[in-house]
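Me: Could you take a close look at one part of this model for me? I'd like to hear about the strands and what sits between and around them, in one connected walk-through.

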Amino acid sequence: MQVAKVIGTVVATEKDRLLEGVRLMVIQPVDSRGECTGSPLVAGDAVGSGIGETVIYAKSKEGAFGLPNPQACCDAGITAIVDDMYTG
């Protein structure tokens, strides 16, 4: 799992039927200091995150495991909203 900041939403008039009811969010991967790493990506949101929140996400097939249908075609999925993060 990795950490990211939610930076936007995706509006899709049509999507795979297994993704119906799943919000799609644009996330920016960040490091432990909150600095951007890599390129933004689209992730299915299983937890109701919002723009500006820090989240934990999984990539590859594991990204869909937290969605209502784990067989959904989804390369990344948000699995948690981070309330606080401490790095020593």
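Reply: Here's a tour of the strands, starting with how they pair and ending with the cysteines. One thing up front: this is a predicted model, and every value below is computed from it.

Let's begin with β1, which covers residues 2-10. On one side of the pairing list, β1 and β2 run antiparallel and are joined by six bridges. If you want a spot to click on, A4 has P29 of β2 as its bridge partner. β1 also pairs with β4, again antiparallel, over four bridges. Here K5 is the residue to pick, with T54 in β4 as its bridge partner.

From β2 you can carry on to β3, which spans residues 41-45. Those two strands are antiparallel as well, with five bridges between them, and L24 is partnered with G44 of β3. Then comes a parallel pairing: β3 and β5 are held by two bridges. In that pair, look for D45, which stands opposite I78 in β5.

Now zoom in on the K5 and T54 pair. T54 belongs to strand β4, and it counts as buried because its relative accessible area is 19%, where the cut-off is under 20%. So T54 falls on the buried side of that line. Besides being bridge partners, the two residues also meet through their side chains, in a polar contact of 3.4 Å between T54 and K5. Leaving out neighbours within four places in sequence, T54 touches V3, A4 and K5, and also A80, I81 and V82.

Back at the start of β1 you'll find Q2. Q2 is partly exposed, at 39% relative accessibility. Its side chain makes a polar contact with the side chain of Y57, at 2.6 Å. Setting aside neighbours within four places in sequence, the contacts of Q2 are V55, I56, Y57 and K59. Follow Q2 in another direction and there's D31: the two are 29 residues apart in sequence, with 8.6 Å from C-alpha to C-alpha.

D31 is a handy stepping stone, since it's part of a salt-bridge network with R33 and E35. How many salt bridges does a search of the whole structure find? It finds two. One joins the side chains of D31 and R33, at 3.4 Å from N to O. The other partner of R33 is E35, with 3.6 Å between the closest N and O atoms. As for the setting, R33 is exposed, at 62% relative accessibility, whereas E35 is partly exposed, with a relative accessible area of 43%.

Next, the nonpolar side of things. In soluble globular proteins, nonpolar side chains tend to be buried together. The largest nonpolar core here has nine residues: A4, V6, M25, I27, A43, V55, Y57, A76 and I78. Four strands each put at least two residues into this core, namely β1, β2 (23-29), β4 (54-59) and β5 (76-81). You've already met some of these names: A4 is the bridge partner of P29, Y57 is in polar contact with Q2, and I78 sits across from D45.

M25 is a good residue to centre the view on. Not counting residues up to four places away in sequence, M25 touches V6, G8 and T9, then L41, V42, A43 and D45, plus S49, G50 and I78. Fellow core members V6, A43 and I78 are among those contacts. Apart from the largest core lies another one, made of six residues, including V22, L67, A72 and C74.

That last name leads to the cysteines. Which disulfides turn up when the whole structure is searched? The count is zero. C74 is in no disulfide, and the nearest cysteine sulfur, belonging to C73, is 7.7 Å away. The cut-off for a disulfide is sulfur atoms within 2.5 Å, so that 7.7 Å separation doesn't qualify. C74 is buried, with a relative accessible area of 11%, and C36 is exposed, at 60%.

Conventions:
Residues are numbered from 1 along each chain as its sequence is written. This is a predicted model: local features need pLDDT of at least 70, side-chain atom pairs count only at pLDDT 80 or more; totals for chains, interfaces and linings use all residues. Side-chain values use heavy atoms; hydrogens and water are left out. A nonpolar core is a set of buried Ala, Val, Leu, Ile, Met, Phe, Trp, Tyr and Cys residues joined through side-chain atoms within 4.5 Å. Buried means under 20% relative accessible area, exposed over 50%, partly exposed in between (1.4 Å probe, protein chains only). Contact means heavy atoms within 4.5 Å. Two strands pair if DSSP finds at least two bridges between them. A salt bridge is a side-chain nitrogen of Lys or Arg within 4 Å of a carboxyl oxygen of Asp or Glu. A polar contact is a pair of N or O atoms within 3.5 Å; within protein, one must be able to donate a hydrogen and the other to accept it, and residues adjacent in sequence count only if both atoms are side-chain atoms.
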